[in-house]
Amino acid sequence: MASRFLKSSAVHRSQHQVPEGYSVDQSAGNMLRFQASLPHLPVPPLSSTVTKYLETVKPHLTEAEYTVTETKANAFLNSPQAVELQARLEARAADPSMTNWLADWWNELAYMGYRDPVVVYVSYFYVHVDDRRIHDPAKRAAGLIKAMLPFRHLVESKELEPDKIKGIPLCMDSYKWLFHSCRYPVKPSDIARKFDAVTHNHVVFVRKNKFFEVPLATVDGRELSAAELEVQIERVIRLAGSESGVPVGALTGENRDIWADAREALLAASPLNAKSLERIESAAIVVCLDDTRPVTREHISWACWVGNGRNRFYDKHQLIVFDNGRSGFLGEHSCMDGTPTLRFNEFMLASLAANKVDLGPSRTTSTGAELPQPIELKIELDARCMTYVDEACKHFDELVGMHDMEVLHYEGYGKDLMKKFRVSPDAWVQLVKQLAFHKMFNRPGVTYESCQTRKYQRGRTEVIRSASCESKAWAEAMLDPDETDENRSVLFRRAVARHLQFAAWAADGQGVDRHLLGLKKMLREGEPIPDIHSDPAFGRTSHWELSTSQLSSKFIDGWGYGEVVPDGYGLSYSIGDHYIRWTITSLKRRTAVLKHYLAEAATETRFMLERAHIAEKKHADTHVSAEL
């Protein structure tokens, strides 16, 4: 009987031919069948990393500064300390018990040990493309859940086909954290817990700051239909009423140490609280039913990113449904990156758009009559807990109030035009950003572009250092009124080629930043920090003013995250056939001005290439005529 709780209409994908160099472990399940044969993250040669590092810092330094940095970097490269640190790192990577020399460090440093609030600093959001057939929140939420369940089945049963890039399988280890999992606030470092999907086959809704549990199957194991889910969601909305409850969920948006203390206070306040919290934490997913009706790109993006900080539970992945039927997703970032959650959201939205979701019988007047009412998961608060909640709301409002957001949905062109010029769309858009930053600050922007390294076991990301000497030369040429378009075009293509090289290195685990981090982590107590790390240029050129990342999908109508340094910008982007969309966040650092310059730079780049193409064709025709 228990196995029927995860019964699904999902189609099992056939296994494909085994890529060369990989083997199949059938006992691991279809999803993880390549996992054991995935290569381990390499440790790059030290000389290669130092050479790349010097190349990437050069556009940000004066000649005198670069000379100092070059001397320090080469001194480190040739030092006994560098040889020893490299040997230690290579030994760590070669340890048979170590599947990835970086993963544990990175998860601790960037996520679990990070103490600032997950919102705005860690979580990321997606805005779902509008389904214009549905304007009712209960119907929309029910459809999303019903579309989610086949994907959950594929993941939990390990039947999901592995992600691949150009036929190369990617690490699927993080997918286990997609459903029935939760992050927990713990000092000095958070932990994550995965719950059994069969024994916790429920979803939790948040409405008016109140939490409600709804089982996903009947007592005899039959999966609820979309109509039955719709009835239950309408009941949740009615039960929540018009008055807002005490926003206990705001605690999950606190500083992690404060939230750890507050959680202990909740557990001490009443035995009921531990039970209620575990029902929330073990749910397949949290669905936030917001009582707002966002319309504009900025409003719905803001609502998905931060909301009001109260009708949320930020330690879990969350679907967000608004009263006008619009929807989105907020990702808990600590255990997995954006590509798995994008696949999940695309699966839901594509299935619904193609009418491929088995919604079950249509609704009648008796639908749901036999179902138990949703259970409100009450949390009893004493004075100490109330103080924590009040402070959390205050801190959230202060933090979020310092931020702003702009969304630029640029429809001048998209990847169709970029491909006509035989230019990588990602490289094109990165160069547009550099030009916009030059326009605003008259210098290159120190840029982090996220690149996944999931072709390695437990791989997550590496940095593409997108600002280069070549991009700087091109941006300066674009701003020089006496420069020719033909030369600008040549410089543009050189910058594109350099970007693609940086990107290829990063994807192969041959980037700069993770290796330098690894070397620093190999220092033992009392050993001096290497000059390459203490050099001011190192800090300057890893101070990510532009934190950039691309996720593109016809089913996602916006996505984004916060800045990673106080004087920087979160700059997510998507590239469609006929548009480029940027979501820009910052601590109110003239965000609208950067939006303006991005649009201006995008237009100028296109016109420059078109004029250069005409000029080149004219010169070619003239040359042919002269020969004749």
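**Salt bridges and lone cysteines**

Let's start with one contact: a salt bridge joins the side chains of Asp261 and Lys187, with 2.9 Å from N to O. Asp261 belongs to helix α8 (residues 256-269), while Lys187 sits in the loop between β4 (181-184) and β5 (191-194), so this pair ties together parts that are 74 residues apart in sequence. Asp261 is partly exposed, at 30% relative accessible area, and Lys187 is partly exposed too, at 45%. Please keep in mind that the model you are looking at is predicted.

A second pair spans another stretch of the chain. Lys595 and Glu298 form a salt bridge whose closest N and O atoms are 3.6 Å apart. Here Lys595 comes from helix α20 (residues 591-627) and Glu298 from helix α10 (residues 297-305), so the salt bridge ties together parts that are 297 residues apart in sequence. Lys595 counts as partly exposed, with 22% relative accessibility, and Glu298 is partly exposed at 23%.

Now turn to Asp513 and Arg465. Their salt bridge has its closest N and O atoms 2.8 Å apart. Asp513 lies in helix α17 (residues 513-521) and Arg465 in strand β14 (residues 461-465), so a helix and a strand are tied together across 48 residues of sequence. Are these two residues buried or exposed? Both Asp513 and Arg465 are buried.

How many salt bridges does a search of the whole structure find? The search gives 50. Side chains of opposite charge can pair when their charged atoms come close. Some of these contacts join up: Arg115, Arg183, Asp190, Arg256, Asp257, Asp315 and Glu332 are linked in a network of salt bridges.

The cysteines tell another story. A disulfide is a covalent bond between the sulfur atoms of two cysteines, and a search of the whole structure finds 0 of them. Take Cys304, which is in no disulfide: the nearest cysteine sulfur, in Cys288, is 9.7 Å away. The cut-off for a disulfide is a sulfur pair within 2.5 Å. Cys304 is buried, at 0% relative accessibility.

Why is Cys385 without a bond to Cys393? The closest cysteine sulfur to that of Cys385 is the one in Cys393, and because the two are 13 Å apart, they are too far for a bond. Cys385 is also buried, with a relative accessible area of 1%.

Conventions:
Residues are numbered from 1 along each chain as its sequence is written. This is a predicted model: local features need pLDDT of at least 70, side-chain atom pairs count only at pLDDT 80 or more; totals for chains, interfaces and linings use all residues. Side-chain values use heavy atoms; hydrogens and water are left out. Buried means under 20% relative accessible area, exposed over 50%, partly exposed in between (1.4 Å probe, protein chains only). A salt bridge is a side-chain nitrogen of Lys or Arg within 4 Å of a carboxyl oxygen of Asp or Glu. Helices (H or I, at least four residues) and strands (E, at least two) are DSSP runs, numbered from the N terminus.
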